[in-house]
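Welcome! Here is a short briefing for anyone meeting this structure for the first time. Take a look at it, then read on topic by topic.

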Amino acid sequence: AFDFMEAAVVSGARKFSIARFHVVRNVLPPILVYSTALVGLAIVYAAGLSFLGLGVQSPTAEWGLMVSDLRQYIFTVPALAVVPAITIGIASISFNVLGDALRDVFDVRLETRG
């Protein structure tokens, strides 16, 4: 077990307060950081599957499906297919940057040097 949990038990804290104040506060930040990285990855996977025709089907709007439908116009009007593709990249990168920022905010080992 962790030392801070043993110290809380020895000090007489109840199990609910140990779980709330010690366990949740130490488990929640890594889960938030990891989940933001997974959201970016899920966007890319969903767009890739829809581009291949294995994901969302035609009446539903989805970025990968838009790129797939506009593939035939890539040489005549390239902006049509480039815009959804760039949007996929921006959304994925944005979630990864958000995850990095959350990691920096929650990391207690980082020191402010100045």
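A nonpolar core is a set of buried Ala, Val, Leu, Ile, Met, Phe, Trp, Tyr and Cys residues joined through side-chain atoms within 4.5 Å. Please keep in mind that this is a predicted model. With that in hand, let us start inside and work outwards.

**The nonpolar core**

- The largest nonpolar core has five residues in all: I43, A47, V67, I88 and A91.
- Helices α2 and α4 each supply at least two residues of this core.
- I88 is a good residue to click on: leaving aside its neighbours within four places in sequence, I88 is in contact with I43, A47, W63, G64 and V67.

**Helix α2**

- Helix α2 covers residues 15-52 and bends by about 45° at V24.
- Which residues of α2 are buried? They are S17, I18, P29, V33, T36, G40, I43, A47 and S50.
- The cover over these buried residues includes α1 (3-10), α3 (63-69) and α4.
- S35 also has its place in helix α2. Its relative accessible area is 31%, and because buried means under 20% and exposed over 50%, S35 counts as partly exposed.
- From the C-alpha atom of S35 to that of H22 the separation is 21 Å, and the two residues are 13 apart along the chain.
- After α2 comes G53, which has a positive phi, near 90°.

**The nonpolar surface patch**

- On the surface, V24, L28, L32, V105 and F106 form a nonpolar patch, and together they have about 420 Å² of accessible area.
- Both α2 and α4 take part, with at least two residues each.
- Which helix gives the most to the nonpolar patch? It is α2, with three residues.
- V24 turns up twice in this briefing: the bend of α2 is at V24, and V24 is also part of the nonpolar patch.
- L28, another member of the patch, is found in helix α2. Is L28 buried or partly exposed? With 43% relative accessibility, L28 counts as partly exposed.

**Salt bridges near the end of the numbering of α4**

- How many salt bridges are there? The count comes to two.
- One of them joins D100 to R103, with the closest N and O atoms 3.4 Å apart.
- Both D100 and R103 lie in helix α4 (residues 78-106), three residues apart, about one turn of the helix.
- An α-helix has 3.6 residues a turn, so residues three or four places apart point the same way.
- R103 also meets D104 in a salt bridge, at 3.6 Å from N to O.
- D100, R103 and D104 are therefore linked in a network of salt bridges, since a salt bridge needs a side-chain nitrogen of Lys or Arg within 4 Å of a carboxyl oxygen of Asp or Glu.
- What is the exposure of these three residues? D100 is partly exposed at 39% relative accessibility, R103 is partly exposed at 42%, and D104 is partly exposed at 41%.

How values were computed. Residues are numbered from 1 along each chain as its sequence is written. This is a predicted model: local features need pLDDT of at least 70, side-chain atom pairs count only at pLDDT 80 or more; totals for chains, interfaces and linings use all residues. Side-chain values use heavy atoms; hydrogens and water are left out. Helices (H or I, at least four residues) and strands (E, at least two) are DSSP runs, numbered from the N terminus. Buried means under 20% relative accessible area, exposed over 50%, partly exposed in between (1.4 Å probe, protein chains only). The bend at a residue is the angle between axes fitted to the seven residues ending there and the seven starting there. Contact means heavy atoms within 4.5 Å. Patches are made of residues with over 30% relative accessible area and no salt bridge: like charges are joined within 9 Å, nonpolar side chains (Val, Leu, Ile, Met, Phe, Trp, Tyr) within 5 Å. Accessible areas come from the Shrake-Rupley method with a 1.4 Å probe; for residues, only the protein chains shown count as cover.
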